Amino acid sequence: MFGISAIELILLIVLATLLFGPEKIPEFSRKAARVVVAVRDIANNAQTQLRHELGPEYADLELKDLNPKAFISKHMSAEVALIEETKRDLKGAKDTVKDAQKSIKDAATLARSETKGIEASVKNKGKDNGAAAAKPLPFDTEAT
């Protein structure tokens with residue numbers, strides 16, 4: 001009920017009987033009931049006034065919604081979901097960019113190794129055919 005177990009409730013009843021006597025307990029229980037009803041009416045009036053002042057957007061407002069975490073989770077859940085979706089999209093874009101960067105780096109490494117291989121073959125060819133490289137290539141003047 002109020003977070004009180006059965007043993008604690010029995011202990012409170014026995015303690016009240018000892019302190020106030022059996023004659024005054026019904027009077028105190030009626031007063032306590034009136035206080036509970038009055039507090040409940042105050043809370044309902046405050047809730048109604050809040051609903052009226054906040055407008056139709058918050059017509060389903062309840063007192064437990066005044067907890068900031070509950071309020072945000074109830075009224076801002078769409079925005080929070082949009083933020084989470086954007087985070088996932090950005091993470092996917094980041095992974096795509098990293099993959100593209102890796103493939104570009106691999107392609108550059110491959111191009112460097114091919115360039116080194118061509119340079120080495122040109123150097124080796126020049127050493128082997130030193131006389132042939134000095135000889136001009138045949139040219140046909142009538143072909144043009």
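Modeller: Helices (H or I, at least four residues) and strands (E, at least two) are DSSP runs here, numbered from the N terminus. This is a predicted model, so local features need pLDDT of at least 70 and side-chain atom pairs pLDDT 80 or more, while totals for chains, interfaces and linings use all residues. Residues are numbered from 1 along each chain as its sequence is written, and side-chain values use heavy atoms, with hydrogens and water left out.

Colleague: OK, how many helices does the protein have?

Modeller: Reading from the N terminus, the elements run α-α-α-α-α. There are zero strands, and the helices number five.

Colleague: Which residue follows H1?

Modeller: H1 covers residues 6-20. Just after H1 comes a residue with a positive phi, near 90°, and that's Gly 21.

Colleague: And which one follows H2?

Modeller: H2 takes in residues 25-54. The residue after H2 has a positive phi too, near 100°: Gly 55.

Colleague: How far apart are the end C-alpha atoms of H2?

Modeller: The expected span is 1.5 Å times one less than the number of residues. With 30 residues, H2 should therefore span 44 Å. The model agrees with that, putting the end C-alpha atoms at a separation of 43 Å.

Colleague: What about H1, how far does it reach from its first C-alpha to its last?

Modeller: H1 has 15 residues, for which 21 Å is expected at 1.5 Å a residue. The reach in the model is close to that, at 21 Å.

Colleague: How many salt bridges turn up in the whole structure?

Modeller: A pair counts if a side-chain nitrogen of Lys or Arg is within 4 Å of a carboxyl oxygen of Asp or Glu. Lys 87 with Glu 84 (3.8 Å) is one of them, and Lys 102 with Asp 106 (3.9 Å) is another. The search finds three.

Colleague: Which residue meets Lys 31 in a salt bridge?

Modeller: The N to O distance is 3.5 Å. The partner sits four residues away in helix H2, so the two are separated by about one helical turn. It's Glu 27.

Colleague: Is Lys 102 buried or exposed?

Modeller: Buried means under 20% relative accessible area, exposed over 50%, partly exposed in between (1.4 Å probe, protein chains only). Its partner Asp 106, four residues along in helix H4, is partly exposed at 44%. Lys 102 has a relative accessible area of 54%, so it counts as exposed.

Colleague: What share of the 144 residues is buried?

Modeller: Among the salt-bridge residues, Glu 84 is partly exposed at 35% and Lys 31 is partly exposed at 42%. Across the protein, the buried share is 3%.
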